[in-house]
Every structure is written in C-alpha cells, then in structure tokens.
Amino acid sequence: MTGDSGVRVRFAPSPTGFLHIGSARTALFNWLFARHHGGTFILRIDDTDEQRSTEESMREIYDSLKWLGLEWDEGETAGGPHAPYVQSQRGEIYEKHVAQLLDDGNAYRCYCTPEELAAMREQARAEKRDQTYAGKCRNLTPADCQRLEAEGRRPVVRLKVPPEPITVEDLILGDIRVEADALQDEVIVKSNGSPLYNLTSTVDDLEMGITHVIRGADHVNNMPKQVLICRALGMQPPRFAHVPLVLNSAKGEKLSKRRHGDLVSVGKYRQDGYLPRAVINFLARLGWSYDDKTEIFSIDELIDIFDLGRVGKTNSVFDIQKLQWLNGHYITDMDIAARTNAVIPFLQQEGLLLKTNLTPDRRAWLEKIVESVGDRLTTLADIIPQTSFFFVDNFEYDPKAVKKWWKKDSALEILGGLRDVMAPLKTFNLEEVETAIWEYTDTNGVKRVQAMQPLRIALTGVSFGPGLFDIIALLGRDKVMQRLDRAICHVNGGA
RNA sequence: GUCCCCGUCGUCUAGUCUGGCCAAGGACACUGCCCUUUCACGGCAGCGACACGGGUUCAAAUCCCGUCGGGGAUGCCA
C-alpha cells in the first residue's frame, strides 16, 4: 500500500493512555492526506517520556486505529525501511545527531540546575519579560566544563539558536513569525542523557523522510524550534500543518485525558456502539468541510476530496449529538444482515444471546427482530432496551409506563378484553391479530392508543419500541397469552 | 505576566484570500405542526450568528487599526 507520490506523513502518538478523540482526528487527517496523494502513512510511537509511556497504551492505540480503519503503511507491526518505529529504541540515532550538533558548534552543554533556571524564570516573570534562557553557559570553556562537572553537575545539551526572528509557513495557519527575543537555546538532551521531544521528533521526521508534519495546534510553538534544529543539522525541514484543537463543550477548554476521562477515548465510543464509519465522518467534519451543505461522506469520498486547505483555523467543540445523528444514519444504512451481525456482540455481552453460533432458524428470528427495530437505533447498544423483552420473559414493568397506562380498572378491562378476543384466533398471524384488536377497540369505543399502550407494556414492559404487531408476530401466540395473563395478574396486585 | 494563534446561529460550518450575487446558506440540537398503536423515522414550519469600536470604500462578514473575548504555549513533558 506504500504510495510512490513522495508524500510521507506520520502520526506519532505518545503511549500515555487511550487514543484521544482529538488525536484520532489528527491521525485521520494524516491518513486522508496520505491516501489522497497516494503517499505513505507512518505510525511512530513517541515514547521518550519513559515515565508515562506504557505497553498497554500502545496496544490500545493500535486497536483503536485499526478499528477506525486507519491502517498504517510503515510502523511497528507493519515494518518498513526505517525501523524501529518506536523512539525508545532509536537512542543511537539521536546520539549521533547530538554529537554532530555539538561538533559543529550548533549545540553546547549547559550546567545550570533546574532550581537555578526556575529562579531565572521567576525573575523574568516578575520583570514582565519573556522567560527565556539567557544563554548563560553558551561560551563555557573546556576548563569551565571540567570544573562544573567536578562540582557534581550533569549538563543538559542546548541548541545554539541564532539571534534572529524566524518565520515558518504553516499550511493551515499561514505564516507564523516569532521574534528573536522569544526564542531561546532549547534543551535537547536531559542531564540524564535522554533526548527530548523536539530533538527526537525532528530527527525522526528527517530520518524517515517525512514531507508533511500534520499535528495538533498545541505544537505550533514547537515548529520554529524544530525548523531551527533542521537548519542546524543542515537539513531541509518538512512542511507543517497544525490542526486546531478539539475543545470540551462545557468550558471551551482543550479536551484532555486527565479532565474529561473516557469521554475523549476512541475505545469508549467503540464500546458504546458507535460505528467506525460514523466516527470517521464526524471527525472529518470537525474543523474541515467540503462545501456549504454536504455532511455525509463515505471513506472513499473523503480520500478523494480531502484537502488541508479546507481545514479551518478555529478550534472546535466536540458535539456528541451530531455524532449520534451520524451514527443513527449509518446504522440505518446497513442492510439487515450486517446490522444483525453488528448488534450480536452487544446482545451477547448483555447475556441475552449465547456466545455460540446461531442455528439458521435462530438467526432468521434474530434478523426479524432487528428488522422490527427499524431505524430506532442511535447506537448499537440501543438494541438492548429496544429488544431485551424478546429474550427474557420475566422482565420488570417500567414504573412510569405502568403509572401512566395501567390505571387499575381500565387496564384490567382492556387487557382482559384483548385476551378474550385474541384467545380464539386460529392462525394468530399478523392480519388476524390486527383485525381482532381493531374490532375490539371499535366496538368498545376505545381509542386505539388506549388499548395498544397497555398491551405494549404487558408484552414488553416499556412504553416504546418496535411496532406492536411486529412484536406480537415475533412473540407468537403462547408468549403473548402468557404475558397477558402475567400482566393481568400484576395489575390485580399479584406477584 | 510574556509569546503565538483564533473570533459567523447553542454546536459543526459555507461565505473572508480574489469587497458587491449575503437584509448571511446548510447541518446537528431545540420548538411547533403533519404522519402515527408507542418510541423513533420522515415531511413542513419556526427559533437563531457576522464579538465590539473606529477607519478605508459608491459598497465591508469580507480590507486596515484598536479593544474585548477564547484557546494554546511558556517544562531537563509530548
């Protein structure tokens, strides 16, 4: 699947938790961009923060990406010419580049301690200045270094940043200009010897031949730093495109794992019964649009028309109602067989269906149930409240429904009346049942709804759901009569 | 505080670059009506925005300036 257009993009998550919904959108934009241009989509794991990175998180990210259908052409599990694709395994590569930077005089060792730096920052803030490192250790002699190391100090490595403003073009945001004052000699290697994000990310983008860095806008101010590193390395930087962030609806702040829990987890939407197609469509339209009216896009259409130039500059708010609408649309869009397949795991998980293969009869019956539900599913998990009564007999009666529709005397009369007209039916087919019920309501002057709702509650326990005649047909005579008796007994105050 | 970015209906957005076709269009949500055995679906209708103030211009949502608001960053995290 590796393309030959020369376009190479990467999605580089840090494995510090589940796949965040905003990250998923970044992955999607990268993937769409690669597919649109016939390029290569690379998955790289940026785990230089050993403290927070976990193996489990890595697996979950793989799972979520695969579930969304965002297959990668190069990366862990896919292989590729630039393996390994996990930063924690690429130490030597970074060391080599840091050595070059040091040798060329483009980087230097700094012996300031974190405490000293914090003090300098505090002072800068008090004086309302940029809190940038002033380059104190920039011109240390080898003798100075020796003396400081003798004190027990361990140096960090800093990039030597030229004192001039820099302007970098962003494919979404336009030109980003940073004044020389706001730039500082960034730390690229920690005092314990481990390289930092701006270094590793830049080196890998260069090494892996990345042509376009498409990532979240929380990285915009890393862009100049990384371009500077490229220059110091004598390399041409990739092009950048920063995608505005996805905010939390309530407060308008960045959606974060810490604050918003699994609300932002792709895995949660999978569990809750959302379709990958719906999530993709939703994510695509968050911050991107094609024209002034189209909302529904197939994957192929997205690949065909996706364009970074149509990504907006403003942050957007995650609106689950729109996702729900799309999900309902895509569920309805599936044929009955596919919908049945999709819903089976949810029924099994709820214990309504055994986790074994269905017999052809049982399968046909299930499909009819699914068909009866029609377009009432917003999520696949909605199959439970919509149909659980098909699978269990001793369901509870919803108290609110009972209160509204089972006023003792009338309910008894109606349920009894319905039982009496249905009992003698010969075939109990849909037509026959319908005729009998309408005959009952018409001759007794009962409004249809006043008969149907009590009956529905008797048969399903709730006041909503598929068409009642479909339910009756699927339940069959025995269950219908049993449930009617049970309901009458219940209204009478029985158990 | 400082730096960077952004500001069209509640939300996602079209329109902004290339000023007039915009008394601002679509979608989700919401409200009402129709349909209807329920709940949904669907159909129709309604509600609803150019952050504010200056300027440029015959003409500004679109260009310029300022203010205000929001977000991000400011780390030996990514």
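This dialogue looks at one pocket and at the surface around an RNA strand.

Trainee: What should I know before reading the model?

Mentor: This is a predicted model, in which local features need pLDDT of at least 70 and side-chain atom pairs count only at pLDDT 80 or more, while totals for chains, interfaces and linings use all residues. Residues are numbered from 1 along each chain as its sequence is written, chains are lettered from A and ligands numbered from 1 in the order in which they are written, and side-chain values use heavy atoms, with hydrogens and water left out.

Trainee: What volume does the second largest pocket have?

Mentor: Rolling a probe the size of a water molecule over the atoms shows where empty space is left. On a 1 Å grid over the protein atoms alone, a pocket is an open set of points where a 1.4 Å probe fits, with protein on both sides within 12 Å along at least five of seven lines, and lining residues have an atom within 4 Å of a point. The second largest pocket has a volume (the space filled by probe spheres set on the points, which are joined across faces, edges and corners) of about 520 Å³. Of the 26 residues lining this pocket, Leu117, Arg121, Tyr133, Arg158 and Val187 are the closest to its centre.

Trainee: Which residues come nearest to RNA strand B?

Mentor: A residue is near a strand if one of its heavy atoms lies within 4 Å of it. Of the 64 residues around RNA strand B, the nearest are Ser14, Asp130, Gln131, Asn221 and Gly287. Of the strand's atoms within 4 Å of the protein, 69% belong to sugar or phosphate and the rest to bases.

Trainee: Which atom of RNA strand B does the side chain of Asn222 approach?

Mentor: An N or O atom in the side chain of Asn222 is 3.1 Å from a base nitrogen of RNA strand B, and a polar side-chain atom of Gln453 lies 3.0 Å from a sugar or linking oxygen of that strand.

Technical notes:
Polar contact = N/O pair within 3.5 Å; in protein donor to acceptor, adjacent residues only side chain to side chain.
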